[in-house]
Each structure stands twice: as structure tokens, then as C-alpha cells.
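Visitor: I would like to learn how to read a structure like this one, feature by feature. Could you show me the model and take me through it?

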Amino acid sequence: MNCLYISIRCSLKLIALHILFIAMLLVGGCSKEESETPSGSTEITLETFSAENVSSLRVTFKGEIKELNNEKILDHGFVFIRDYTPASPGKEIELSLGAEVSANKPIIYTYQPDVPFDFEDIHAFYFYVKTIKGFYKGPHKTFEIDGLVVEQQNALQATLGETIALKGDFSGLHSAYQLTLVDDYKIHALSYTVSDDKESLSFVLPLSLESVHGSTVQIGYEKFKPYYGTISKTLANVRILGSIHPPTKKNYNPNEPLLLTGSALPYSWTDDQSLQVLVGDASIPYQREIKLGDIPGLKGHRFRLGFKNGRDSIIFPEPIELNQPNPSLLQFNRYIIHPFSSFRTNDYNFYSYFQGNGKYYLGETLLERGPTNGMSYSFHVGDIPAGKHYFSAVNDLFTLTSAKPIEVRNLVWNTTDKNKGHLGEQVILQGTFIEGFEYQVNLEGEIIGSFFGKNNELPIELSPSFIGKKQMKIGYYVGQGTTLHSLEKSVLIETLPFQIDLMTPLQGYPGDVVTLEGKGIGYINHILVGDKVVYPLFVNINKVQFPAPDIPSKGKVRVTLDMLNELYPVEALFEIL
């Protein structure tokens, strides 16, 4: 709090005939006196603070409205009582400040008497508010002209545990004076020393204070005077400065909180942002916990750490560091790729380090980041030179370089083992095909399917799409698979007709297994034995097995294959026994 609230310990040493009268007067002179209010109203609460800047020619009064109801305020100000004594309070002088006033805001008024104050004279004052319902009084405060002179020291600031020296004339200070500190209405007794020349008063701000950065405490004194009780005076106001301790931990992960401790640290809801944390070249308002990865403008991974509090700027001796990502944990789904293709990472925690603001490279070629699947990231490769390149991810704080390079191979294919065959047979291309890499076959402008590389070869099964003679090109999808990167080179592939070479046995009982052998017969739908539909028991590209059916008529019947919705009769007849 900004004002001194002193508990007046009243002592009554008057004669017995005046005891009751004096006690009633002291209710108005003690610091703990409750605000006087009109009958039936208790909502407005006033505070009167100790006098400040007391001299023979002037004195500063301070008061405040702590609670204010909806009554219309007609006037507010201070009432001054010159030459105050409990037995004879003296004449009250009303110092009006008008109707305009706000609650919870100190009201300060400097009074200059027509006749200078005399040494050791005692005077009193209180804060008042006048409403349509009545007259409200704050507690009475007393002061005297004590001969103590404090030089004006503007903007006194200090950290807890710091020694403060007031300059002035303290020759009149003696053991009857108790130096006090008021912090949020709590009164602390202070030890002090006075210099030999009586021109300096020194004391230490207690480390135990609960004051926070930006708050103000009052330094004053209490002095007991018979028949008056305790007289108080404010000597100086001190603004409290926060300070931060160096953290014991020096290394942090990007999302790991850095806990900042210290003394007089501000509350999280304060509007005062003058206590700043210094991290690298950045300066941010104090928070109890900060994450280095969330601070804008940081660059590098090692930072100086410190604070500034409006007066001091402190840099701690040891810097702090951000832990860099571990390259040994980074793996890829493939380590050999073609230009204009893509690759994917394992479940690596990129987001913790790069959070969408990273740049990704393969060698010196900038990569486009594709969609993510959990913590797995995909990357699209453009026109990149052949060779081995290391993957890297960088931003202002982190650098990650893969432990193992990725090899880029241009797709080159030279020969085929053959350029004709039956359906179901394979044509094998020879070239720089990548194991497990997905390639697309283009037959005269039509993409007919995907085939996977195997040990510098690309096996392609001749499907019905190949029937006839067709030019074949090879390519692969770029990035997310919307664009085909196709080589211009092509080869003519001829697909030969079906060929049935053998049926065995040529006779049998119903249920016996009949075997057909030939070429390209694996695309069979069903078999007709006479007029009876029979489904195969076993099929591959060169062999079909089916059961002899049970039909009413015995003897020899025609066997016909239904392949790709066309009928192909077997030359030999089968005899049902």
C-alpha cells in the first residue's frame, strides 16, 4: 500500500476527574479509530495517512476512500486542527477540495499555514467526505515539528535486502523514535544507524517483506508522547524493485518451462511490466515460467540470461542453452529416391523444435513439406542433382542434420529381358530402379497401374491392358501423387494370344481332377464341360485344374474356357465315364 497506517497506542495519565472525558477525545486521536459515519450508514470507509513533508511552513496530508456506496458526494477534503491536545482539541479548519473524487485513489493536499508551525507543537488532521446523507470522517492523525529534516530524494527505489541511506539532518533523532516500515498495512519495526555527522540515516529493507515489484512502502517513525499517545510521520516512500535469481538448471528442451525465482516478484495479473527478463537479445515481461521456444526474436541455442527492473540491468555469469534435436533418432522410410519424388520420416518430434517455422533441405535444395501423419512428416523433392545429400532442418533456434545421407538417383532404364509374352507373364526392365519404390506404367497415354522396383529391376506383369502391341513408358508420381513424372523413353510390348497345350486326363469319372496346361490362361473366369458350368480348383498363368462334372449323359464332351468374357474351346474332347 502507498500510505502509512500506524496503530496508536494511547496511554492515559490524566487525573481521575478527566478520565472519561479524555478517553472520549482519544477515540478521535488514535490511528486505529474507525471512520465516523452518519447514523444507519456504514458503507463508506475512509482512511487518513500519516503526515508527510512536515516543516514549519508546510505539511502534506493524504487520505483515501476505501469503500464508496452510491451516495452523491457533495464535498471532500481535510480538517486541520492546530495546537491539538486531547483535553482541548482546538478549532477545526475545513480544507475543501470539492465534489469530484474517486475511490481507492490517494487524495494528497499540501497545507501552508498562515503562521509557521513552532518547534514541538502538535497538530492533528483527518480526511472527510460530505454526502447528501451526512458527514464521514477518517481516523485522526497527529504530527509535530520535530526538527528532523529529510532531503528530498525523488524516486527512491530498492530491492529487498538492500541498504537505504536517507540524507538530511537527524541530530534530533534519539531512542524515543522507532523507525517503521509500512507494507500493505503491516507495520515493521526497523533497525537503523545514524552517521557520526548526523546527516545520514541508514536501514535495510527486510528480505521477509511480502511487497512485490512496483509497490511502494512508507518509511517513517513512531514516537510516544504522554497525553497524546503515538505520534507518527512519514520520512520517505520507497518503490520496491524485484530481482531474479540465476537458475540452477542450464540446459532446456524447447517446451520445457524455465522456472524463475527471486524476491519481490510481481503477481501474474499485474499491469506493471517494468520487471523484464533478458534472454539473448530479447526482453520480455516477467513470468514465473517461460519457454525458450516461445520467445520471439531469439536466435542461436545459447543465450545470456538476466533481468532489468527499471533501475538495474543484471546479466547472470552463466548462459543457458537449448538442447538441440538428436539426429540419431531421425529415420526415413527410404534412403534412395529419384528427383521429383518424396520421402517420409519416422515418428520424429519435429513440431517441438520447428513448429511450422522451419526450413528443410536435402543438400542445398529446399524441400516442400507435405502432409503429416501423427509425428511422421513427408517431404517433396524437386529437381535435385544426383548424388548423396544430407537432410537438414533449420530455424532461428535449432539445426538438425541427418546422421545418414539420402542418395538421389536419376531414373535410367536400358533394356528388357523380352518385349513380348503371354498374359500373366512378366516383362522385366533393367535400370536404376529403387527397391520398393512405386512406378507407374503408361500405355499410350493410359496409366494402367503401379509396379514396385526390385534390385535395379522393374518386373511388369502383362495384364489384359497389354493385349496387342502397345508403346510402354515408365514414370512415377510427384509429391502427393497428383502429377506423373514420366520419362520420354518407350518400348513396344507385344502380348501373345492364349495358348492351350495339354489337357490330362482325357477321360474320368465325376469328381476327378482335370488339368489344363498352356500359356496366358490364368485370366479364366469359368469352364464349360458340355453345357455344365464348372469353376476351377487351381489357377496360375500356365495351369488350370477343375473337377469333372456329374452330367446325365455319358461320353465325350467339349471343354471350353471363358477368359475375359470370350470363349476358347479346347481341341481335345473329354470323356465322362
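Guide: Let us begin in a loop of this predicted model. Asn 455 sits in the loop between β43 (446-452) and β44 (457-461).

Visitor: What is the phi of Asn 455, and is the residue buried or exposed?

Guide: A backbone angle and an accessibility are best read side by side. Phi of Asn 455 is near 55 degrees, a positive value in a residue other than glycine. As for accessibility, over 50% counts as exposed. Asn 455 has a relative accessible area of 60%, so Asn 455 is exposed.

Visitor: Which other loop residue has a positive phi without being glycine?

Guide: Leu 564 is one, with phi near 50 degrees. Leu 564 belongs to the loop between β54 (555-563) and β55 (566-576). With a relative accessible area of 30%, Leu 564 is partly exposed.

Visitor: Let me go back to β43. Which strand is joined to β43, and how do the two run?

Guide: To read a strand pair, look at the bridges, the direction and then the turn. Strand β42 (residues 438-443) is joined to β43 by six bridges, and the two run antiparallel. One facing pair is Tyr 439 and, in β43, Phe 451. β42 and β43 make a hairpin with two residues between them. In that turn, Glu 444 has a positive phi of about 50 degrees.

Visitor: And what about a sheet of three strands: in which order do they stand?

Guide: For a sheet, read the order and then ask which strands have one partner. Here the order is β19-β28-β25, in an open sheet with mixed pairing. β19 (251-252) and β25 (302-303) each have a single partner strand and stand at the edges, so one side of each lacks a neighbour in the sheet.

Visitor: How many bridges join β19 to β28, and in which direction do they run?

Guide: Two bridges join β19 to β28 (residues 320-322), and these strands run parallel. Asn 251 has Glu 321 in β28 as its bridge partner.

Visitor: Where is there a cis peptide bond?

Guide: Omega is the angle to check. The bond from Thr 504 to Pro 505 is cis, with omega near -10 degrees. Pro 505 lies in the loop between β47 (499-504) and β48 (507-508).

Visitor: As a chemist I am curious about pockets. What is the volume of the largest pocket, and how many residues line it?

Guide: Volume comes before lining, and then chemistry. The largest pocket has a volume of about 450 Å³. Its lining has 22 residues, with Asn 53, Val 150, Gln 152, Leu 235 and Ala 236 nearest the centre. Two elements, β9 (149-150) and β17 (229-241), give two or more residues to this lining. The largest share, seven residues, comes from β17. By chemistry, the lining of the largest pocket divides into ten nonpolar, eight polar and four charged residues.

Visitor: How should I read a single residue inside a strand, say Val 529: is it buried or exposed?

Guide: Place, accessibility and contacts make a handy trio. Val 529 lies in strand β50 (residues 524-529). Under 20% counts as buried. Val 529 is at 1% relative accessible area, so Val 529 is buried. Leaving aside neighbours within four places in sequence, its contacts are Val 534, Phe 546, Pro 549, Val 557 and Arg 558. For a sense of distance, the C-alpha atoms of Val 529 and Lys 308 are separated by 98 Å, at 221 residues apart along the chain.

Visitor: Which residues does Ser 200 contact, and where does Ser 200 lie?

Guide: Ser 200 is found in strand β15 (residues 200-204). Ser 200 is also buried, with a relative accessible area of 11%. Beyond four places in sequence, its contacts include Ala 165, Phe 170 and Val 194.

Visitor: Finally, what is the average pLDDT of the chain?

Guide: The protein chain averages a pLDDT of 86, and 92% of the residues score at least 70. Over residues 1-37, though, the pLDDT is below 50. That stretch has 97 contacts in the model beyond near neighbours in sequence. Where pLDDT is low, predicted coordinates should not be read in detail.

Methods. Residues numbered from 1 in each chain as written. Predicted model: local features only at pLDDT ≥ 70, side-chain atom pairs only at ≥ 80, totals over all residues. Heavy atoms only, no water. 1 Å grid on protein atoms, 1.4 Å probe; cavity = no way out; pocket = protein on both sides within 12 Å on 5 of 7 lines; lining within 4 Å. Points joined across faces, edges and corners; volume = space filled by probe spheres on them. Helix = DSSP H or I, 4+ residues; strand = E, 2+ residues; numbered from the N terminus. Nonpolar A, V, L, I, M, F, W, Y, C, P; charged D, E, K, R; others polar. Pairing = 2+ DSSP bridges. Buried < 20%, exposed > 50% of the residue type's maximum accessible area, 1.4 Å probe, protein only. pLDDT = per-residue confidence, 0-100. Contact = heavy atoms within 4.5 Å.
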